[in-house]
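Good morning, and thank you for coming. I would like to take you through one protein chain, beginning at its interior and ending at its surface openings. Please look at the model as we go.

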Amino acid sequence: TVAAPLLMRRGTTLGFSGARLQRAVRYRLNALPTRSRLKKLNPTLNSMCRKGCGEPETLPHILCHPKCGELKGFWIHRHDRIVDLVYNFFVKYRKADVNVSRELPCGGYKPDIVLSKKELAIVLDVAVTWETEHSLYTRYSEKKNKYGTPACSKQLNETLNELNETRGTRKVVVVPLVFGARGGYFAPTDSETRQVSELMTPRFRLKTSLNLGAQIAVETSAKY
């Protein structure tokens, strides 16, 4: 399921004020003056991306299109800000016997965050995409398929055994953290939430970390 967009929640401006808040609302409504939108008002205008990638310039394209390489730095910055926040949140609320690893190289895999203990490893990988229920679910499924393979499980166990000087095979659970560029996120299943929470202290709330990550996604995107 898709959580409610943060800009639509009552009683919060997400740190915006004045003109920035107005821009954020227009951004949420997909009403910013991209070239494609301006062309609807004036058909003589050029609707193609000003970065020269050959695609129409729409808001989803600017914020999330993988083929527009000129925007790669912005996407990495947005992604890394979310990973920083989520990683620090898990470090703060983990149980004493749980290790938290960031960007753990596992052969051909490099998950953003891994929670691990003797018998269990949870892969948490962040993605930001344009926000529709279909697109969020698609990215969620892609992450599940990428890290949920026997090959990834084997590589991850070998890396964790070497890192922690342990032996054995952990059960690997993949919990994608998929955020929408306009402030929503794809909510993990009850089973995923329960498995993550079992490794954390009683004060931990997965939903809190997701809300904070979604706030960064929309703040960074709206201010771009």
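Let us begin with β3. Ten of the ten residues of this strand are buried, so β3 is largely enclosed by the rest of the structure. Please note that we are looking at a predicted model. The burial of β3 concerns both of its faces. On one side are Leu 120, Ile 122, Leu 124, Val 126 and Val 128, and on the other are Ala 121, Val 123, Asp 125, Ala 127 and Thr 129; all of them are buried. For the chain as a whole, buried residues make up 46% of the 224 residues.

Let me now place β3 in the overall fold. The chain contains eight helices and four strands. Read from the N terminus, the elements follow the order α-α-α-α-β-β-β-α-α-β-α-α.

In what order do the four strands stand in the sheet? They form an open sheet ordered β1-β2-β3-β4, and the pairing is mixed. At the edges stand β1, residues 99-102, and β4; each has a single partner strand, so one side of each is left without a neighbour in the sheet. On average, neighbouring strands of this sheet are turned by 20 degrees against each other, direction ignored.

I shall take the pairs in turn. As general background, strands of a sheet pair through backbone hydrogen bonds, either parallel or antiparallel. β1 and β2 are antiparallel and share four bridges; here Arg 102 has Ile 113 of β2 as its bridge partner. β2 and β3 are likewise paired in the antiparallel sense, over four bridges. These two strands form a hairpin, with three residues between them, and Val 114 stands opposite Val 123 in β3. β3 and β4, by contrast, run parallel and are joined by ten bridges. Within this pairing, Ala 121 has Val 172 of β4 as its bridge partner.

We turn next to the packing of side chains. In soluble globular proteins, nonpolar side chains tend to be buried together. The largest nonpolar core here has 43 residues, and those touching the most other members are Leu 63, Phe 90, Leu 115, Ile 122, Leu 124, Phe 179 and Val 196. Two or more residues of this core come from each of α3, α4, β2, β3, β4 and α8. Of these elements, α4 gives the most, with eight residues. There is also a second, separate core of eleven residues, which includes Cys 106, Val 123, Leu 156 and Val 174. The two sides of β3 may be recalled at this point: Ile 122 and Leu 124 lie on one side, and Val 123 on the other.

Finally, I come to the pockets. How many residues line the largest pocket? Its lining consists of 19 residues, and those nearest its centre are Cys 64, Trp 75, Arg 78, Val 128 and Arg 139. The elements giving two or more residues to this lining are α3 (59-64), α4 (72-93), β3 (120-129) and α5 (133-147). The largest share, six residues, is from α4. By character, the lining divides into ten nonpolar, four polar and five charged residues. The volume of this pocket is about 490 Å³.

To close, I would draw your attention once more to α4, which gives the most to the largest nonpolar core and also the largest share of the lining of the largest pocket. Thank you for your attention.

Technical notes
Residues numbered from 1 in each chain as written. Predicted model: local features only at pLDDT ≥ 70, side-chain atom pairs only at ≥ 80, totals over all residues. Heavy atoms only, no water. 1 Å grid on protein atoms, 1.4 Å probe; cavity = no way out; pocket = protein on both sides within 12 Å on 5 of 7 lines; lining within 4 Å. Points joined across faces, edges and corners; volume = space filled by probe spheres on them. Nonpolar A, V, L, I, M, F, W, Y, C, P; charged D, E, K, R; others polar. Core = buried A, V, L, I, M, F, W, Y, C linked by side-chain atoms within 4.5 Å. Buried < 20%, exposed > 50% of the residue type's maximum accessible area, 1.4 Å probe, protein only. Pairing = 2+ DSSP bridges. Axes fitted to C-alpha atoms, helices over the stretch in contact; angles between N-to-C directions.
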